[in-house]
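Here are my notes for you, written as numbered points. Keep the structure open and look up each residue as we go.

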Amino acid sequence: TLAPTPPTRSTWAAPTVSGGLPVFNVMNYGAAGTGAADDSVPVQNTVAAALAAGGGIVFFPPGTYAIRNVTFGSSIIVQGAGSQGVSGSGPTAGGGTVLQYWTGSGSTTGDVVCRVAPPSSVNYTSNFTMRDLSIDGQKSFYGSNNNWKNYGFYCGQGGTTSLISYVTLENVTIQNCLTYAFDIERCTNTVLVNCVAANNGY
């Protein structure tokens, strides 16, 4: 009898947390998950597919995903494969998801790792969940006492309070950001469960 073939990261199944929502695996849209390549476009394309379907789970298998300014939107669940907690070494072998700031060309002040809505011209955005992952802002890239403003998780400001609502973050660790870890400015009905912010700020 042949032993079953272990799943690759592109076929690694998301936990059943969706209540029947479709699952969109970022690996199937070209994300590398190695931390060495810019995964921003593949991840944003995954989100676009989920939004086109009316919402769903954007799933990140174990790995380190280097991204910058990714915007998620309404009716999206961002599901990782586990938060690694406060650590400078990234995910351990066989598990854990890290969304890491991409430090390649084009980096500028005001960048974020990811956000719920755009920084301006925000339409009503709601029902967003992120769970079971870590975010690393890579602030060592900028050097000490750098006054750039770079964020980990940003809801997206807009000019009117309550345009962004019903945001939930669960088992999320955000570390090594130049400024804010969880920036929930102007967002209402926001819930953080078992979340950690560490080593953020100038």
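1. How many salt bridges does the structure hold? Just one. Keep in mind that we're looking at a predicted model. The partners are Arg131 and Glu170, and their closest N and O atoms sit 3.9 Å apart. Have a look at where the two come from: Arg131 belongs to strand E9 (residues 125-136) and Glu170 to strand E11 (residues 164-175), so the pair links distant parts of the chain, 39 residues apart.

2. Is Arg131 buried or exposed? Arg131 has a relative accessible area of 16%, and it counts as buried because the cut-off is under 20%. Its partner Glu170 comes out at 28%, which makes Glu170 partly exposed.

3. While you're in strand E9, find Ser134, which lies there too. Ser134 is buried, with a relative accessible area of 2%. Its side chain makes a polar contact of 3.1 Å with the side chain of Ser83.

4. Now for the cysteines. A disulfide is a covalent bond between the sulfur atoms of two cysteines. How many disulfides does the count come to? Zero. Cys155 may catch your eye, as its closest cysteine sulfur is in Cys187, but the distance is 3.9 Å. Why isn't that a bond? Because the two sulfurs would have to be within 2.5 Å, 3.9 Å is too far. Cys177 is in no disulfide either: the nearest cysteine sulfur belongs to Cys114 and is 9.3 Å away. As for accessibility, Cys155 is buried at 0%, and Cys177 is buried at 1%.

5. Next, a sheet. Which strands form the open sheet, and in what order? There are four, in the order E5-E8-E10-E12, with parallel pairing. Strand E5 (70-71) and strand E12 (182-183) are at the edges, and each has a single partner strand, so one side of each has no neighbour in the sheet. In general, strands of a sheet pair through backbone hydrogen bonds, either parallel or antiparallel.

6. Let's zoom in on one pair from that sheet. Strand E8 (residues 112-115) and strand E10 (residues 151-154) pair in the parallel sense, over three bridges. Cys114 stands opposite Phe153 in E10. You've met Cys114 already: its sulfur is the nearest cysteine sulfur to Cys177.

7. Then there's helix H1 (residues 40-52), which has 13 residues. From its first C-alpha to its last, H1 reaches 18 Å, close to the 18 Å expected at 1.5 Å a residue. Which residues of H1 are buried? They are Ser40, Pro42, Val43, Thr46, Val47 and Ala50. What covers them includes strand E1 (23-25), strand E2 (34-38), strand E3 (56-59), strand E4 (63-67), E5 and strand E6 (76-79). So E5 turns up twice in these notes: in the cover over H1 and at an edge of the open sheet. After H1 comes Gly54, with a positive phi near 90°.

8. Finally, step back to the whole protein. Its secondary structure comes to one helix and 14 strands. Of its 202 residues, 48% count as buried. Among contacts with a separation of 6 or more, residues 24 or more positions apart account for 71%. The Arg131–Glu170 salt bridge is a good one to look at again here, with its partners 39 residues apart.

Notes: Residues are numbered from 1 along each chain as its sequence is written. This is a predicted model: local features need pLDDT of at least 70, side-chain atom pairs count only at pLDDT 80 or more; totals for chains, interfaces and linings use all residues. Side-chain values use heavy atoms; hydrogens and water are left out. Buried means under 20% relative accessible area, exposed over 50%, partly exposed in between (1.4 Å probe, protein chains only). Two strands pair if DSSP finds at least two bridges between them. The expected span of a helix is 1.5 Å times one less than its number of residues. Contact means heavy atoms within 4.5 Å. A salt bridge is a side-chain nitrogen of Lys or Arg within 4 Å of a carboxyl oxygen of Asp or Glu. A polar contact is a pair of N or O atoms within 3.5 Å; within protein, one must be able to donate a hydrogen and the other to accept it, and residues adjacent in sequence count only if both atoms are side-chain atoms.
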